[in-house]
Amino acid sequence: MSKSTSASTGAVMHWFRKGLRLHDNPALLHALSLVNGNNNSGGSIYPVYVVDPNSYSLLKCSVMRAKFLLECVKDLDNSLRERGSRLYVVTGDPVEELPKLWKEFGITHMTHEADETGEPYSLQRDVDVKNAAKKAGVSVIDFASETLRPLGNREGGYVANCGGFANNIPTTMSSFQQLLSRIERGSIPLPLESPGRDMFPKQAAISDLLDTKYRPLEHPCDIPWPRGYSRNEIGPVWDRKAADKKTSPIVKGGESLALAQLQKTVTARPDWSASFEKPKTSCTDISPSTTVLSPYLSVGCISPRTVWHAVSDANARASSKTSRSKPPVSLHGQLLWRDFNNLIAHSANAQAPGSWSQMHDNPYCRNIPWSSDPSLLTAWKEGRTGYPWIDACMAQLRAEGWIHHLGRHAVACFLTRGDLWQSWEVGAEFFEGELLDADYALNNFNWLWLSCSGFFYQYFRCYSPVAFQKKNDPNGNYIRKWVPELAELPAKYIYEPWTANVSILKKAGVKLGVDYPRPIVDHTVVSKENMSKMSLAYDMHKDAEASAKKAKGKPAASGDAGDPPKKKAKKSVQSKLK
């Protein structure tokens with residue numbers, strides 16, 4: 001973070017990006033301090049949001065997530081107006097749009113939340129914006145607040161406490177927890193309060209003309225088309241007719257709703273919070289068995305530090321008879337997984353820029369010769385695999401933009417190493433477009449893990465698309481909701497409709513191949529074949545790793561290329577706050 005607080009501070013801009021909140025927002029608070037400090041009582045602050053169609057949040061984006069993001073922006077504008085301010089919203093390329101606003105409003109300083117993962121577009125955007133700011137004489141100041149602690153070489157940051165080298169970071173959850181315990185004894189900084197109305201400078205009344213300009217977008221179709229991309233390059237595509245259809249997202253967007261969700265799921269349930277164990281939550285419950293805070297965390301409507309301390313407070317109020325869970329399976333553990341995933345993404349991109357979302361050059365990914373079959377991929381995306389449990393999960397994803405983490409495990413395993421032998425990259429890309437909680441670091445980590453391409457290597461442990469959830473939901477209520485064409489089947493056949501005879505199917509109103517597809521693969525056969533393929537791929541990886549040891553170089557500093565860290569197998573089940 002670089003600071004400039006000279007007496008010549010004029011108008012100040014805070015550029016909202018992913019941190020779409022007022023609470024625990026150090027960059028916003030610093031912007032306000034620049035306006036209010038140094039005898040600058042006449043200063044002004046301009047909170048700005050750029051609807052950038054090329055950003056990670058929007059480039060591959062369902063209409064449901066587009067609506068969610070616009071709801072977040074609208075809620076932020078409302079909160080600012082309650083404080084006598086407002087949000088100035090523009091559309092397009094921040095590199096072009098921000099300089100126009102700097103000139104119009106006389107901006108001398110701009111603050112924003114740092115993006116430390118190294119996501120390629122964000123990284124280049126920030127470089128270009130800083131160059132434009134330098135030419136315009138605008139001082140840019142960023143703050144790391146997306147994670148519990150900074151990721152890189154900043155005070156209290158993870159890489160800073162690993163000798164400053166991005167490939168020296170821990171690569172298992174247990175070693176990551178050890179690292180955290182060494183930083184200020186494992187304490188997590190308290191979240192900062194939301195700025196009150198008195199912290200915002202009194203500004204002249206906004207003219208009617210200016211008040212009609214720069215308003216939040218009202219409709220997803222107001223979002224411009226991504227620059228330089230064709231229709232088949234941007235994932236979900238929708239028109240006004242599709243956008244006007246009623247959707248049923250798992251949650252609505254906005255900081256106020258995020259804080260209410262935290263209150264409802266954590267603060268109001270101290271015993272539940274204290275005893276929470278992620279692997280024991282149910283993925284077949286009709287109502288979510290987890291906090292569903294992940295969509296809010298993904299765009300920064302809620303601060304991870306706020307969630308951390310809310311969990312601590314709730315746990316402290318829990319009954320003495322309540323059994324306390326611990327990381328990595330506890331609620332605190334889910335936030336640690338989130339930081340760990342972000343740190344790994346930061347490290348991968350520091351060693352090989354842009355590698356985190358791909359197999360090629362990714363220091364944490366094993367090269368596996370996946371197949372490419374568009375028909376299999378399409379059947380998986382559309383929930384037409386012929387395996388009701390898998391298809392139900394994909395139906396929920398399309399309808400609500402969310403699936404329980406065990407559902408994500410099942411469908412990811414099915415697409416990759418379990419059944420269809422398709423690359424994790426195409427699965428991650430599809431999830432990136434459909435999930436409300438799509439997150440660059442977490443999404444790719446999940447797919448690496450579940451495809452046994454990285455971090456988890458027990459490929460012989462395969463999720464059965466039939467037996468996995470049969471014991472938890474023997475009547476198939478989850479399937480009956482999300483695959484209604486099978487709703488009348490007896491419980492005995494709900495997970496395996498192809499085993500029912502014609503009379504049973506007819507009575508249930510099901511004709512296989514017409515009303516519901518037959519299985520596109522035989523799991524009992526292909527799962528064994530794929531285990532053999534994984535075994536061969538692992539042997540090839542060992543040979544390549546042995547050869548690479550001969551050319552081992554020095555550790556890479558954060559942001560520099562270097563040798564990948566040694567990969568280690570893990571026994572614990574990976575999970576994060578969802």
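## A tour from helix pair to sheet and on to Pro388

Start by selecting helix H9 and helix H12: Leu259, Leu262, Val266 and Thr267 in H9 touch Thr306, Val307, Ala310, Val311, Ala314 and Arg317 in H12. Keep in mind as you click around that this is a predicted model.

Show H9 as residues 255–267 and H12 as residues 304–317, and you'll find their axes coming within 10 Å and crossing at roughly 30 degrees. Angles under 35 degrees count as roughly parallel, so that is the label for H9 and H12. If you tilt the view to check the handedness, the crossing of H9 and H12 is right-handed.

**Next stop: the sheet**

Now color the strands E1 to E5. These 5 strands make an open sheet, in the order E3-E2-E1-E4-E5, with parallel pairing. Which strands stand at the edges? They are E3 (88–91) and E5 (139–143); each has a single partner strand, so one side of each lacks a neighbour in the sheet. Look along the sheet and you'll see the twist, which averages 25 degrees from one strand to the next.

Zoom in on E1, residues 11–16. On one flank, 5 bridges connect E1 to E2 (residues 45–51), and the two run parallel. For a landmark on this seam, pick Phe16, which sits opposite Tyr49 in E2. Then swing over to E4: E1 is joined to E4 by 5 bridges, again in parallel. Here the pair to label is Val12, with His109 of E4 opposite.

Stay with E4 and turn on a surface. Is this strand enclosed or left open by the rest of the structure? Largely enclosed, because 6 of the 7 residues of E4 are buried.

Move on to the seam between E4 and E5, where the strands pair in the parallel sense over 5 bridges. Glu113 stands opposite Phe143 in E5, so to speak the marker for this seam. To follow the backbone from E4 to E5, trace the chain through helix H5 (residues 120–136); this β-α-β crossover is right-handed.

**Helices by the sheet**

Select helix H4, residues 94–105. H4 lies across E1, E2, E3 and E4 (107–113), and runs at about 155 degrees to E1.

Add H5 to the selection. H4 and H5 pack with their axes 9 Å apart, at an angle of about 30 degrees, and are therefore roughly parallel to each other. Their crossing is right-handed. Switch on side chains to see what meets what: H4 brings Pro94, Val95, Leu98, Pro99 and Trp102, while H5 brings Tyr121, Arg125, Asp128, Val129, Ala132, Ala133 and Ala136.

**Last stop: Pro388**

Pick Glu96 and then jump to Pro388. The two are 292 residues apart along the chain, and 48 Å separates their C-alpha atoms. Pro388 is found in helix H15, residues 388–400.

Is Pro388 buried or exposed? Its relative accessibility is 0%, so Pro388 counts as buried. Which residues is Pro388 in contact with, leaving aside its neighbours within four places in sequence? Show Ile479, Val483, Leu486, Ile494, Tyr495, Pro497, Trp498 and Tyr516 as sticks and you have the set.

Methods. Residues are numbered from 1 along each chain as its sequence is written. This is a predicted model: local features need pLDDT of at least 70, side-chain atom pairs count only at pLDDT 80 or more; totals for chains, interfaces and linings use all residues. Side-chain values use heavy atoms; hydrogens and water are left out. Two strands pair if DSSP finds at least two bridges between them. Helices (H or I, at least four residues) and strands (E, at least two) are DSSP runs, numbered from the N terminus. Axes are lines fitted to C-alpha atoms, for helices over the stretch in contact, and angles run from 0 to 180 degrees between N-to-C directions. Contact means heavy atoms within 4.5 Å. Buried means under 20% relative accessible area, exposed over 50%, partly exposed in between (1.4 Å probe, protein chains only). A crossover is right-handed if, with the strands pointing away from the viewer, the path from the first strand over the helix to the second runs clockwise. Angles under 35 degrees count as roughly parallel, over 145 as roughly antiparallel, 65 to 115 as roughly perpendicular and the rest as oblique. A crossing is left-handed if the near helix is turned anticlockwise from the far one by less than a right angle, and right-handed if clockwise.
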